[in-house]
2 protein chains.
Amino acid sequence: MKRFINQPNDVVDEMLEGFLLTHGSMVRRLEGARAVVRASREPGRVAVVTGGGSGHEPAFLGYVGEGMLDAVVIGDIFTSPPATAVLATIDAIDSGEGVLLLLGNYSGDLMNFGMAAEWARQKGHLVEMAVATDDVGTGLGTSQSERRGVVGEFLVWKICGAVVAEGASLDDAKALADEVNARTRSLGVALRPCTVPMLGRPTFDLADDELEWGVGHHGERGAKTIKLKPVDDVVDGLTEEILADLPLEPGDELATVVNGLGATPLCELFIAQRRLMRNLERLGLHVRRSFVGNVFTALDMAGLSVTLLHLNEELQARLEAPALTPFFIQG
Amino acid sequence: MKRFINQPNDVVDEMLEGFLLTHGSMVRRLEGARAVVRASREPGRVAVVTGGGSGHEPAFLGYVGEGMLDAVVIGDIFTSPPATAVLATIDAIDSGEGVLLLLGNYSGDLMNFGMAAEWARQKGHLVEMAVATDDVGTGLGTSQSERRGVVGEFLVWKICGAVVAEGASLDDAKALADEVNARTRSLGVALRPCTVPMLGRPTFDLADDELEWGVGHHGERGAKTIKLKPVDDVVDGLTEEILADLPLEPGDELATVVNGLGATPLCELFIAQRRLMRNLERLGLHVRRSFVGNVFTALDMAGLSVTLLHLNEELQARLEAPALTPFFIQG
């Protein structure tokens with residue numbers, strides 16, 4: 001394993017320290033927890049909090065800031081943070097208007113964030129939870145509620161961050177998160193798996209002429225292994241499979257993400273983006289905002305994913321509202 | 001070669017098209033050239049233009065925008081753009097106050113940008129050129145004027161973008177670019193080389209327990225090959241070698257960049273950043289602004305570089321001035 005690390009055990013704490021030394025004007029660390037909160041925020045607003053395992057950088061830390069996330073709680077690599085850390089974060093960030101917890105659909109996160117929400121309610125906090133389930137790669141025939149949450153979460157963070165900045169209530173923000181999730185689908189592929197530092201070996205094997213279809217964010221195998229093909233053909237397949245699950249009509253409006261999974265050059269993501277935009281245009285769909293970059297990664301996986309969000313006027317306005325965080329991609 | 005591309009020949013044009021389809025509200029393409037200019041800019045200001053070979057994304061395109069670059073001209077992968085394209089860009093962007101061309105110290109760029117500057121002057125444009133030479137990895141004992149320009153260019157773009165936004169003259173902006181360059185040093189290392197799509201094979205060989213020291217941005221071998229070691233030791237060596245060439249005293253103020261070369265997870269860059277910040281603090285140096293991320297890459301090279309800029313009050317203010325471009329990292 002060739003990596004720029006010290007001890008595999010220290011990766012998360014050293015990464016977090018480096019992040020805080022870089023972005024200390026925007027965030028501060030919460031004592032006693034692997035969590036960061038915004039250095040300053042307007043009181044009288046619902047707080048938007050997310051988190052999950054590490055190894056997805058710039059998610060989650062890189063999206064804390066004005067108009068997006070108020071706090072983030074992280075765990076070990078690909079491992080949910082403990083409920084106590086989530087509770088400490090809720091205690092620190094809630095100014096009385098309540099806290100919206102946004103998470104992906106993973107059993108560890110559901111359990112730990114759920115437990116923290118319960119404890120926090122007992123202490124008098126208003127807490128709601130919204131769970132992202134945008135990954136159509138989780139398996140054919142699964143209902144949306146059984147699916148993983150992947151890059152769609154990024155769009156939920158952005159839109160909820162914008163609406164609470166305008167003063168939305170906790171219930172309204174929670175309803176909006178669920179609405180965004182219901183209108184969002186993602187699908188990812190990989191050329192190479194990732195290597196979790198504590199394990200020291202790739203999470204699966206893939207031949208030089210193979211591509212893994214339907215991968216998630218944790219180095220899991222995908223739904224199937226196929227032969228390598230030109231990226232235009234890959235994007236055509238992704239578009240088709242996503243649209244089979246997200247019924248759209250000519251004239252509908254979309255937001256899109258072409259996401260790099262960690263080791264994919266930006267140059268290649270823009271080549272994929274070109275084909276995606278052409279495919280959607282040919283179908284009469286109008287893309288109002290798109291993001292291309294390493295938004296939500298899986299360590300050093302060489303892969304990419306495509307996310308589509310079926311916009312309406314309200315969602316588009318929230319997506320276009322200003323956000324100033326270390327790694328938010330400006331449009 | 002496993003890559004998300006179509007034909008190797010089409011990589012640059014397809015990437016450029018994808019970029020324009022994503023950031024069309026910020027930039028527009030210049031007809032007849034591989035160049036982009038800001039969609040709108042205040043008249044009555046000196047224009048700041050850069051460019052060079054492709055394969056360095058998000059450099060150069062990702063830094064066109066408010067407070068930074070006014071235009072960018074790109075060539076094929078790792079290949080200078082033609083002088084005619086640079087001239088067309090100068091023609092398009094100059095509102096009469098002149099154009100500052102910022103480039104790295106490569107013979108192709110010097111020749112093509114130099115020729116374009118000459119032609120542009122004959123047509124009545126005011127044009128100045130400033131050449132970045134920040135790479136101490138180019139070879140021991142070389143004078144600064146013989147060195148490659150690498151990530152230091154990013155700091156020059158930011159500072160010159162800020163000063164022309166304030167209305168600086170062409171001569172003042174050019175002097176400032178030279179001053180920033182004289183106060184900046186970079187050094188890079190790699191765990192894996194890159195693969196140029198047209199060649200289809202890695203640019204050099206490196207064993208599983210080896211690290212290449214002193215690499216540039218074009219897949220060149222570095223100054224030497226050493227045994228792999230923990231990232232803290234790597235960063236200690238980089239710090240030491242840079243500081244041997246950039247005399248600083250306790251109390252001096254710095255800006256820093258820890259840059260990923262394309263396939264390095266952000267998580268690892270923050271681990272390197274942590275060590276760098278500790279090293280500089282121990283020496284009594286004060287870091288006022290630091291950047292960590294994929295700022296200036298070399299396709300899919302797994303590597304990182306460290307850049308130090310010796311600040312003064314004026315440079316710090318310019319660095320902290322707002323910039324809104326697709327990939328500028330907010331602090």
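# Close-up views of a predicted two-chain model

**View 1. Helix α1 and the open sheet of chain A.** Helix α1 (residues 11–22) of chain A lies across β1, β2, β3 (47–54) and β4 of chain A, and its direction makes about 150° with β4(A); here helices (H or I, at least four residues) and strands (E, at least two) are DSSP runs numbered from the N terminus, while axes are lines fitted to C-alpha atoms, for helices over the stretch in contact, with angles from 0 to 180 degrees between N-to-C directions. This is a predicted model, in which local features need pLDDT of at least 70 and side-chain atom pairs count only at pLDDT 80 or more, whereas totals for chains, interfaces and linings use all residues. Residues are numbered from 1 along each chain as its sequence is written, chains are lettered from A and ligands numbered from 1 in the order in which they are written, and side-chain values use heavy atoms, with hydrogens and water left out.

The sheet beneath the title of this view is an open one of six strands, in the order β1-β2-β4-β3-β5-β6 of chain A, with mixed pairing; two strands pair if DSSP finds at least two bridges between them. Because β1 (27–29) and β6 (127–132) of chain A each have a single partner strand, they stand at the edges, and one side of each is left without a neighbour in the sheet. Direction ignored, neighbouring strands of this sheet are turned by 25° against each other on average.

**View 2. Strand pairs and a second helix in chain A.** Strands of a sheet pair through backbone hydrogen bonds, either parallel or antiparallel. Strand β2 (residues 35–38) and strand β4 (residues 71–77) of chain A show the antiparallel sense, over three bridges, and A:Val36 has A:Val72 as its bridge partner in β4(A). By contrast, β5(A) and β6(A) run parallel and are joined by six bridges, with A:Met129 in β6(A) as the bridge partner of A:Leu101. Together with helix α3 (residues 107–122) of chain A, β5(A) and β6(A) make a right-handed β-α-β unit, a term that applies if, with the strands pointing away from the viewer, the path from the first strand over the helix to the second runs clockwise. Helix α2 (residues 83–93) of chain A lies across β2, β3, β4, β5 (99–104) and β6 of chain A, running at about 165° to β4(A).

**View 3. A:Trp157 in the nonpolar core.** The largest nonpolar core has 195 residues, and A:Phe154, A:Trp157, B:Phe154 and B:Trp157 touch the most other members; such a core is a set of buried Ala, Val, Leu, Ile, Met, Phe, Trp, Tyr and Cys residues joined through side-chain atoms within 4.5 Å. Leaving aside neighbours within four places in sequence, A:Trp157 is in contact (heavy atoms within 4.5 Å) with residues including A:Phe60, A:Tyr63, A:Leu102 and A:Phe296.

**View 4. Cysteines without a disulfide.** A disulfide is a covalent bond between the sulfur atoms of two cysteines, and the search used here counts a pair of cysteine sulfur atoms within 2.5 Å. Over all chains, that search finds zero disulfides. Why does A:Cys194 not form one? The closest cysteine sulfur, in B:Cys267, is 11 Å from the sulfur of A:Cys194, which is too far for a bond. A:Cys194 counts as buried at 0% relative accessibility, where buried means under 20% relative accessible area, exposed over 50%, and partly exposed in between (1.4 Å probe, protein chains only).

**View 5. Backbone exceptions in the loops.** Most residues other than glycine have a negative phi, and most peptide bonds are trans. The peptide bond from A:Glu57 to A:Pro58 is cis, with omega near 15°, and A:Pro58 lies in the loop between β3 and β4 of chain A. A:Phe78, in the loop between β4 and α2 of chain A, has a positive phi near 55° although the residue is not glycine, and A:Phe78 counts as buried at 19% relative accessibility. A:Leu299 likewise has a positive phi, of about 50°, and is buried at 2% relative accessibility.

**View 6. The open sheet of chain B.** Six strands of chain B form an open sheet with mixed pairing, in the order β9-β8-β7-β12-β10-β11. The twist averages 20° from one strand to the next. Strand β7 (residues 184–192) and strand β12 (residues 302–310) of chain B run antiparallel and are joined by eight bridges.
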